[in-house]
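Here is a friendly walk through the model in front of you. Have it open as you read.

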Protein chains: 2
Amino acid sequence: MKDTIFLISVISALAFALPDVAPAQLAPPKVVLVIHGGAGSITPENTPESRQQEVTRKLEEALIAGYHVLDEGGTSLDAVVAAVVIMEDSPLFNAGRGAVLTSAGTIELDASIMDGASRNAGGVAAVKRVKSPIALARAVMEQTDHVLLAGEGAEAFAREIGMEMVANEYFRTDRRVQQFESKKASLNGDTGDARSLQSVRESGYYGTVGAAALDSEGNLAAATSTGGLSFKKWGRVGDSPIIGAGTYADNETCAISATGTGEYFIRGVLSFRISALMLHAGLSLEDAASSVIHGTLSEMGGDGGVIGLDRHGNVTMTFNTDGMYRGYVDAAGNTHVAMFGK
Amino acid sequence: MKDTIFLISVISALAFALPDVAPAQLAPPKVVLVIHGGAGSITPENTPESRQQEVTRKLEEALIAGYHVLDEGGTSLDAVVAAVVIMEDSPLFNAGRGAVLTSAGTIELDASIMDGASRNAGGVAAVKRVKSPIALARAVMEQTDHVLLAGEGAEAFAREIGMEMVANEYFRTDRRVQQFESKKASLNGDTGDARSLQSVRESGYYGTVGAAALDSEGNLAAATSTGGLSFKKWGRVGDSPIIGAGTYADNETCAISATGTGEYFIRGVLSFRISALMLHAGLSLEDAASSVIHGTLSEMGGDGGVIGLDRHGNVTMTFNTDGMYRGYVDAAGNTHVAMFGK
């Protein structure tokens, strides 16, 4: 951070010396919200034009929803929830409606959220009937003493506080049922083995969604929501509901949401690791994210990416896969969406 | 670490100048295994002599079991499991047999383990019928691609690989049933509210068990097992099955197992935070643990402690509560057990 401040000072000095340099080139506009819709084998070759357009429109819709919250003076928590709910409700991503099926043919959803101001957090794992897992994660954070609720118990809490419940079929889409049937047929009636991560990695798309935001009070927040691994079994829980792994936020450093082979994000504590590199090693957000994704994650053999914001509105969207559905909106309301590699 | 090495150099130099200083005083013997049986309001006043003796004997038994594994050339993973299984099987601690009851009157167990050499890890949450949750956590690490399995799914995996299963009643003890009935009566038929953490904190004892070990190959491992919060509801999951929160191990830095108000350990990612302080801020294990427990945890308002080992055999047993059941054994087989504050 000191380096950045120093650089800004130098550039400002140059700007006085060279008054014809436009101020817009000196300091990039502060980013207020950044989102992802999953990383993986996302290339121009395997992404039809029609899907490119649908995904782009939906990411823009999520960015604008979050931006409006912030522009009206709302909190970063409100903004990340507003953005994530739109992606949960869309069948385009592996979260909420349109999530992948488990080996039992059901849909089990995970989510978590963290408030950078208080470092309070909430998460839910393996919920089947709560329309918005991220809204439930927020309720866990705000209305209980707990951080993580799982399974039937989490749903009992959701009913008790009057959250919107749906049948598990609500989340089911034809596309995911076809993927499930095709996977099942390929296994000849087996339900997959203990090394099922490999087959998911071959399919190459981790469709978790997430957001990080910075509000006018300078507070950061991050949120993540997912259907987890396709054809998962044995009550597998990934990184998305785990604070420090799939989600982390701390006003002192950054807000992060991750997507990828969740097991590696848990083992490497990768979201929090970015924060720790900023806090203790003095790295910028971009350098810390790059070190964790291209260094730690890649060295461990994992795939995926993160989006993140620091308290100055610097943004990162870093991944070691072919692409990541991603976008950000700046304080002026300009949106920027991308999906393929740089 | 640099400070320590420098200090050792200075002391070594003094030793040459003063040859009558016994070498044993220069470097404390390397610790190979450290364990805890929970932290909390453990004082001479509220701990009857008979319980002091029972706990001391059981901690020594766990230390010696782990020591034998290491002394015979076994791995740190084998040693932490050997030590933790003895505490799981004992009704004295809140893990395995003798675990606390949930608000539904059942027992739901969590555990996790991490291998510092590979940074591979395994955890289980809310299992009810697996005799040794730590053995199941190890099987998750070694026999699946996953890190965390929860609930019925985790038990289906346990049955599939032939782990020893028991009725939930196996874990139940008269002492815990009495605590449950008394709590239930005080609530007048209610099942507790969303702020249930407070009532547990008033009871003041977090009886999670855990171990960290260093083997002859220089590999670290850590393991943690618990019954979680007394009278917990809604599928609450604490820090014990969460890598980075309740358990962490990395040969580069340290092996840690935590006990306390688990929600704070999750939010602060406290086990991994100790490792990050060593790696990026150059702190010793003892200074990093002290910073995290007396700094981060206390500032957040949480209670608890950690035990840990670094790769040089330096040990920490740090807590911000009145006491912590704890002990370590050194390379010569000498055990040291304590429970009250320093």
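The notes below take up the interface, the sheets and the salt bridges in turn.

This is a predicted model. Chain A and chain B bury about 4,100 Å² between them, and a short pairing of strands runs from one chain to the other. Each chain also carries an open sheet of 4 strands, described for chain B and for chain A.

**Where the chains meet**

- The contact draws on 48 residues from chain A and 48 residues from chain B.
- Of the roughly shared surface, about 4,100 Å² in total, 59% lies on carbon and sulfur atoms.
- On the chain B side, B:Asp145, B:Trp234 and B:Arg267 lose the most area to chain A, and together they account for 20% of what that side buries.
- Helix α10 (residues 270-281) of chain B supplies 7 residues, the largest share of the side of chain B that touches chain A.
- Sorted by class, that side of chain B has 25 nonpolar, 13 polar and 10 charged residues.
- How many salt bridges cross the interface of chain B and chain A? The rule finds 0 there, whereas it finds 14 residue pairs in polar contact across the interface, with both residues at pLDDT 80 or more.

**A strand pairing between chains**

- Strand β4 (residues 148-150) of chain A is joined to strand β8 (residues 236-237) of chain B by 2 bridges, and the two strands run antiparallel.
- Within this pairing, A:Leu148 has B:Val237 of β8(B) as its bridge partner.

**The sheet of chain B**

- The strand order is β9-β10-β11-β12 in chain B, with antiparallel pairing in an open sheet.
- Which strands stand at the edges in chain B? They are β9 (247-249) and β12 (315-319), and each has a single partner strand, so one side of each is left without a neighbour in the sheet.
- Neighbouring strands of this sheet are turned by 10° against each other on average, direction ignored.
- Strand β11 (residues 304-310) of chain B pairs with β12(B) over 5 bridges in the antiparallel sense, and one of the partnerships links B:Gly305 to B:Phe319 in β12(B).
- Helix α11 (residues 285-300) of chain B packs on the sheet and touches β10 (254-260), β11 and β12 of that chain, with a direction at about 10° to that of β12(B).

**The sheet of chain A**

- In chain A, 4 strands form an open sheet with antiparallel pairing, in the order β9-β10-β11-β12.
- The edge positions in chain A belong to β9 (247-249) and β12 (315-319); each has a single partner strand, so one side of each lacks a neighbour in the sheet.
- On average, neighbouring strands of this sheet are turned by 10° against each other, direction ignored.
- Strand β11 (residues 304-310) of chain A makes 5 bridges with β12(A) in the antiparallel sense, and A:Ile307 finds its bridge partner in A:Met317 of β12(A).
- Helix α11 (residues 285-300) of chain A lies across β10 (254-260), β11 and β12 of chain A, and runs at about 10° to β12(A).

**Salt bridges**

- Over all chains, a search of the whole structure finds 14 salt bridges.
- One of the salt bridges brings together the side chains of A:Glu61 and A:Lys58, at 3.0 Å from N to O.
- Both A:Glu61 and A:Lys58 lie in helix α3 (residues 49-71) of chain A, where they are 3 residues apart, about one turn of the helix.

Key
Residues numbered from 1 in each chain as written. Chains lettered and ligands numbered in written order. Predicted model: local features only at pLDDT ≥ 70, side-chain atom pairs only at ≥ 80, totals over all residues. Heavy atoms only, no water. Pairing = 2+ DSSP bridges. Axes fitted to C-alpha atoms, helices over the stretch in contact; angles between N-to-C directions. Contact = heavy atoms within 4.5 Å. Buried area = accessible area lost by both parts, 1.4 Å probe. Salt bridge = Lys/Arg side-chain N within 4 Å of Asp/Glu carboxyl O. Polar contact = N/O pair within 3.5 Å; in protein donor to acceptor, adjacent residues only side chain to side chain. Nonpolar A, V, L, I, M, F, W, Y, C, P; charged D, E, K, R; others polar.
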